[in-house]
Amino acid sequence: MKEQVEQVLGAVGARAWAHAVDLDSGEEIGYGEDGLVVLASVFKIPVLVELFRRFGDRRLDPAERIDVPVEGRSAGPTGLSVMADPIELSLRDLAYWMMSVSDNAATDLLVDLLGTEAINATLRELGLTATRVDGTCDDIYQSIYEDVPDEKAGPEVWRAARAVDPERSLQAGTPREITRLLAAIWNDEAAPPEQCAEMRRILSLQAWPHRLRSGFTEPDARVSAKTGTLRFWRNEVGVVETGGRRYAVAVFVRSDSYEYRIPAADACVGTVARLAVDHLRGVETRRRPRGTARAATPGQIRDHARELGADIWLHARDLAGGRSVGVGESTPVVTASVLKVPVALELARQSVAGEIDLSERVTVPPGGVPSPYGLSVQRDDTVISYRDLAQLMIVISDNVATDLVIDRVGKDRVAALLAELGLTATAVPQNCAEILASLEEDLGISYRDDERDLAEVPLERLQALRALVPDETCRTTPEEITRLLAGIWRDEAAAPEACALVRGWMGDQIWPHRLTSGFPGDDIVVSGKTGTLPLVRNEVGVVEFADGGRYAVGVFTRADDPSPNAPHLDALIGWAAANAVAQLRDERP
């Protein structure tokens, strides 16, 4: 395995430390497994364990309500950290946000409640002698502010920062110890069994598919995990369940580059994990070759998509001059969750017109509209504003939040907006609940908007779904969606204040595995909205370059592959968008 790992790492200029163990047999494999590494947000697993131990012995009530004001929240790119209004939720739902989207504000509330001394004492009790948690997320940021006072500082300044040095960072551990902690959770040893079961559920709800999960594409594979990212470090640890066996895996990758967005380095996490698990399984690792074709014409984009087993429709528009390039750009396509863009715009328009107060709060019970992330999977009521419902609707594609917003603004008003903008091929006749209900009716199963539930459904039945027929569901064309995005980015689709709200929500979207994957590096800003249904993977957004170039892009795909986890098809979206935008930039005077 060593030679294979080093080949993978060498291709992207990175180092790695990894450990994997078969939780049923105890067999293990490692690569620098006892080396000290920066945990980054992986440290949130020890926080989770300490919290649920206290739930287990009744020192804390998991349903205890926490009112979180805006002031004093820890900074971060996701979750409560970027919400604009006060929110009220339970302790166990704070834990969900801490793990699912790596919410720093939620994490620090829990660390302050528990105390790092107690967290470390639990780690020692569980036999983890090298792993430590000596501060909060905010403490990490403060050390960075001290060591790197200029945010434009180069890599040498960053390499000297305490936060990225495992000997001096506030949180550190080893891959072997982290898999031991995961094993304790999966074997009901870290806390009482019912608490370990809930920790496993929460870890299974992590939102990101671009690291560990990208290495395990079998229909039966289940990955429950926690990422960690801190400049040079991109980590992920978790448990992979496949072929009837369970494998705890911890992979820590340190890139030579200090940019945040390096899709190839992210993919290394999944590849190294796959090599380790396959070694334990005694099977040869078969890696899908990475696409290297560069498109010069729309026809070549279409042909490359077909080579990957997908149909593609796209449109890219230069927001400055109006030049464009397309592949079937006038073809009606299913929006899936891209429908949430016009819904967000109508909400913003009504708020600016004084019809809706975005700070108005509503109480949202758990359950409701199925959704793989967000309010649907929480355990308790959440009191949240309409502004933050919109943020959840766009940022993590929360279906519960979406339908609450649609109920508030009205489908008729969304339709009127689209008509006013001249988008005659775009329509939002259904909300999320109605789309999912049609899937359940067509398939005769209970469907929780999780494609993994469809692993046993024949391809022919998926292809016949009404939700995949544009005339029977929410729809648009690639050309119309880029026209809508252009209007939002140029303040033409609504009042400037309303357009700015939508741009802000789309700028916070968390997923890096589709559109963003085509634009690596930190000097390009990508704002987007994904859409996913069985066989359908979409993303639309605006790509902004440091030289001032701005490009609206809409990419819609439909695959022959029913696999719920298909990284090559997700990457196709970024690849196609990058090539379409490159053609427009080559044409710029």
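**Exercise 1. Rings that meet**

Count the aromatic pairs, then classify the one formed by Tyr-373 and Trp-511.

*Solution.* Start with the total: the count comes to 8 aromatic pairs. Keep in mind as you work that this is a predicted model.

Next, take Tyr-373 and Trp-511, whose ring centres are 5.8 Å apart with 50 degrees between the planes. Ring centres within 6.5 Å make a pair, and planes under 30 degrees apart would be stacked while those over 60 would be edge-to-face. This pair is therefore tilted, as it falls in the remaining class.

Now place the two residues in the chain. Tyr-373 sits in the loop between strand E14 (361–364) and strand E15 (382–385), and Trp-511 in the loop between helix H19 (496–507) and E17, so their pairing ties together parts 138 residues apart in sequence. Both Tyr-373 and Trp-511 are buried.

**Exercise 2. A cluster around Phe-545**

Classify the pair of Phe-545 and Tyr-551, then look for what else surrounds Phe-545.

*Solution.* Begin with the geometry: the centres of these two rings are 5.7 Å apart and the planes stand at 85 degrees, so Phe-545 and Tyr-551 pair edge-to-face. Both of these residues are buried.

Then widen the view. Phe-519 joins Phe-545 and Tyr-551 in one aromatic cluster. Finally, check the ring face: Arg-585 lies over the face of Phe-545, 3.9 Å from the ring centre. A similar search at Phe-232 turns up Arg-254 over the ring face, at 4.8 Å from the centre.

**Exercise 3. Two cysteines**

Why is there no bond between the sulfurs of Cys-432 and Cys-474?

*Solution.* First find the closest cysteine sulfur to that of Cys-432: it belongs to Cys-474 and is 7.9 Å away. A disulfide needs the sulfur atoms within 2.5 Å, so this distance is too far for a bond.

Turn the search around and Cys-474 gives the matching result: its nearest cysteine sulfur is that of Cys-432, and Cys-474 is in no disulfide. For the model, the count comes to 0 disulfides.

Buried or exposed? Check each cysteine in turn. Cys-432 has 5% relative accessibility and counts as buried; Cys-474 is buried too, with a relative accessible area of 1%.

**Exercise 4. The sheet with E11**

Trace the open sheet that contains E11, and find its edges.

*Solution.* Write down the order of its 5 strands, E12-E11-E19-E18-E17, with antiparallel pairing. At the ends of that order, strand E12 (324–327) and strand E17 (525–533) each have a single partner strand, so one side of each is left without a neighbour in the sheet. The twist averages 10 degrees from one strand to the next.

Zoom in on one pairing: strand E11 (residues 310–318) meets E12 through 4 bridges, and Arg-317 has Ser-324 in E12 as its bridge partner.

Lastly, see what lies across the sheet. Helix H18 (residues 478–489) crosses E11, E17, strand E18 (536–544) and strand E19 (550–559), running at about 150 degrees to E19.

**Exercise 5. The sheet with E10**

Which strands stand at the edges of the sheet containing E10?

*Solution.* Set out the order: 5 strands form this open antiparallel sheet, E2-E1-E10-E9-E8. The edges are strand E2 (28–31) and strand E8 (222–230); each has a single partner strand, so one side of each lacks a neighbour in the sheet. From one strand to the next, the twist averages 10 degrees.

To finish, follow E9 and E10. Strand E9 (residues 233–242) pairs antiparallel with strand E10 (residues 245–255) over 10 bridges, and Glu-236 has Val-251 in E10 as its bridge partner.

Methods: Residues numbered from 1 in each chain as written. Predicted model: local features only at pLDDT ≥ 70, side-chain atom pairs only at ≥ 80, totals over all residues. Heavy atoms only, no water. Pairing = 2+ DSSP bridges. Helix = DSSP H or I, 4+ residues; strand = E, 2+ residues; numbered from the N terminus. Axes fitted to C-alpha atoms, helices over the stretch in contact; angles between N-to-C directions. Contact = heavy atoms within 4.5 Å. Phe/Tyr/Trp six-rings, centres within 6.5 Å; stacked < 30°, edge-to-face > 60°. Buried < 20%, exposed > 50% of the residue type's maximum accessible area, 1.4 Å probe, protein only. Lys NZ or Arg CZ within 6 Å of the ring centre and 35° of its normal.
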